[in-house]
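Here is a walk through some of the labels used for this structure, and the reasoning behind each. Have a look at the model first, then follow along.

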Amino acid sequence: EKKVLSQAVQDLIDYGCPVETIPAGELTGCGRRVRFQAPSGHHFELYADKEYTGEWGVSEVNPEAWPRDLKGMETAAVRFDHCLLYGDELQATYELFTKVLGFYLAEQVLDEDGTRVAQFLSLSTKAHDVAFIHHPEKGRFHHASFYLETWEDVLRAADLISMETTDTSIDIGPTRHGLTHGKTIYFFDPSGNRCEVFAAGITTIRIISRSTP
């Protein structure tokens, strides 16, 4: 794994992308990290070593199905799934992620002139791991997304958000995505960040192109 990280660092340097090395331990439980900035203005970090703590609240010996004292969406969220980012220089960002980091284009949106205005990139069979949408300002954040297993979990999330006594509000949904076809709901957490929980959706390595109206 460390060799993979070292190779990724060298590939970034050879491509002309400056990198910053952050020593192990600067972030609790994390090994050496390497930070770089994409042409879109966003900063990313790569690492190979991470402390394994097991599933929170569940014993490693004869574990129960889930922790007994979880509340809210903690009982249903499977994993962090992806993020969607706004910025410019989509083509240069696309080339960095595909030529250097091994991502592939899973889905895209083209304007009437055939210019890509949204790109959904993946490293697996997931609908996408990171997405970029064109925006005149660099380094903007749209949302972070968490994967749920079923449509019923998404509906339960909507109920929980509407019942929440903190400053949590629904942005969009529950609904179905046009892109990826996932069932989804967007909401703002108390700190003001837009988040998403979604279920299902396309898992494919086909490139799907769509045009803007």
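**Reasoning from values to labels**

Q: What covers the buried residues of H3 in this predicted model?
A: The cover includes three strands: S9 (169-176), S10 (183-188) and S11 (194-199).

Q: Which residues of H3 are the buried ones?
A: They are Asp153, Val154, Ala157, Ala158 and Ile161.

Q: What puts these residues on the same side of H3?
A: The buried residues cover an arc of only 150 degrees around the axis, and therefore they share one side of H3. A helix rule helps here: with 3.6 residues a turn in an α-helix, residues three or four places apart point the same way. On the other side of H3 you will find Glu152, Ser162 and Met163, which are exposed.

Q: How do you know that the length of H3 agrees with its number of residues?
A: Helix H3 (residues 151-163) has 13 residues, and at 1.5 Å a residue they should span 18 Å. The end C-alpha atoms are 19 Å apart, which agrees.

Q: Why is the pair of Phe44 and Phe97 called edge-to-face?
A: Happily, two values settle this one. The ring centres of Phe44 and Phe97 are 5.2 Å apart, and pairing asks for centres within 6.5 Å. Their planes stand at 75 degrees, and over 60 counts as edge-to-face, so the label fits.

Q: What makes this a link between distant parts of the chain?
A: Phe44 belongs to strand S3 (residues 43-47) and Phe97 to helix H2 (residues 90-99), and the two are 53 residues apart.

Q: Why does Phe44 count as buried?
A: Its relative accessibility is 16%, and buried means under 20%, so Phe44 qualifies. Phe97 meets that cut-off too, with a relative accessible area of 3%.

Q: Why is the pair of Phe97 and Phe103 edge-to-face?
A: The centres of Phe97 and Phe103 lie 5.1 Å apart with planes at 65 degrees, which is over 60, so the pair is edge-to-face. Phe97 and Phe103 are both buried. Ring pairs link Phe36, Phe44, Phe97, Phe103 and Phe132 into a cluster.

Q: What makes Arg79 count as lying over the face of Tyr147?
A: Arg79 is 4.5 Å from the ring centre of Tyr147, where the limit is 6 Å. Arg116 likewise lies over the face of Tyr94, at 4.4 Å from the ring centre.

Q: How many bridges join S4 to S8?
A: Strand S4 (residues 79-87) and strand S8 (residues 140-147) run antiparallel and are joined by 7 bridges, and pairing needs at least two.

Key:
Residues are numbered from 1 along each chain as its sequence is written. This is a predicted model: local features need pLDDT of at least 70, side-chain atom pairs count only at pLDDT 80 or more; totals for chains, interfaces and linings use all residues. Side-chain values use heavy atoms; hydrogens and water are left out. Rings of Phe, Tyr and Trp (its six-membered ring) pair if their centres lie within 6.5 Å; planes under 30 degrees apart count as stacked, over 60 as edge-to-face and the rest as tilted. Helices (H or I, at least four residues) and strands (E, at least two) are DSSP runs, numbered from the N terminus. Buried means under 20% relative accessible area, exposed over 50%, partly exposed in between (1.4 Å probe, protein chains only). A charge sits over a ring if NZ of Lys or CZ of Arg is within 6 Å of the ring centre and within 35 degrees of the ring normal. The expected span of a helix is 1.5 Å times one less than its number of residues. The arc is that of the directions from the helix axis to the C-beta atoms. Contact means heavy atoms within 4.5 Å.
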